[in-house]
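Biologist: Could you take me on a close look at a single part of this protein, step by step? I am new to reading structures, so plain words would help.

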Amino acid sequence: MGCFKGVVAVGYINEAIDEGNPLRTLETLLLPTANISDVDPAHAQHYQDVLYHAKSQKLRDSESVSKVLWLDEIQQAVDEANVDEDRAKQYGLFNLGSICEKHLGFISLA
């Protein structure tokens with residue numbers, strides 16, 4: 001029965017990806033039957049973008065027997081999006097630190 005629920009979740013997630021609505025995609029990623037881990041609601045748009053890209057790539061692959069993303073592929077895309085977001089935060093903090101350091105050089109406390 002659990003396998004059937006997973007297949008249903010795959011269908012819902014793929015439909016949401018096709019709709020292009022990040023909030024709907026997020027909602028389906030959070031379905032308990034999907035069992036997708038590390039989903040952060042703040043990354044909804046990026047999940048949509050990465051999943052849409054992954055599905056588009058799969059549809060272009062003439063050797064692919066399946067035209068839907070399966071749970072392992074969905075989890076991989078979510079993981080990839082999370083890594084992207086982490087890198088963006090690190091880069092942003094690094095740049096913010098550099099900007100502050102550069103401008104603090106012009107501030108005289110005397």
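**A close look at the largest pocket and helix H3**

Modeller: Happy to! Keep in mind that this is a predicted model. Let's start with the residues that line the largest pocket: 4 are nonpolar, 2 polar and 3 charged. Their names are Val50, His53, Ala54, Lys58, Leu69, Glu73, Gln76, Ala77 and Glu80. The space in this pocket comes to about 160 Å³. Two helices, H3 and H4 (71-104), each give at least two residues to the lining.

Now follow H3 itself, which runs over residues 44-60. Its 17 residues reach 24 Å from the first C-alpha to the last, close to the 24 Å expected at 1.5 Å a residue. Which residues of H3 are buried? They are Ala44, Tyr47, Gln48, Val50, Leu51, Lys55, Ser56 and Lys58. Here is a rule to keep beside that list: an α-helix has 3.6 residues a turn, so residues three or four places apart point the same way. Val50 and Lys58 are worth a second look, as both are buried and both belong to the pocket lining.

Lys55, another buried residue of H3, leads us to a partner in helix H1 (residues 2-19), namely Asn14. In sequence, Asn14 and Lys55 are 41 residues apart, while in space their C-alpha atoms are 8.4 Å apart. Why is Asn14 called buried? Because its relative accessible area is 3%, and buried means under 20%. Leaving out residues up to four places away in sequence, Asn14 touches Lys55, Val68, Leu69 and Ile74. Leu69 brings us back to where we began, since Leu69 also lines the largest pocket.

Key:
Residues numbered from 1 in each chain as written. Predicted model: local features only at pLDDT ≥ 70, side-chain atom pairs only at ≥ 80, totals over all residues. Heavy atoms only, no water. Helix = DSSP H or I, 4+ residues; strand = E, 2+ residues; numbered from the N terminus. Expected span 1.5 Å × (residues − 1). Buried < 20%, exposed > 50% of the residue type's maximum accessible area, 1.4 Å probe, protein only. Contact = heavy atoms within 4.5 Å. 1 Å grid on protein atoms, 1.4 Å probe; cavity = no way out; pocket = protein on both sides within 12 Å on 5 of 7 lines; lining within 4 Å. Points joined across faces, edges and corners; volume = space filled by probe spheres on them. Nonpolar A, V, L, I, M, F, W, Y, C, P; charged D, E, K, R; others polar.
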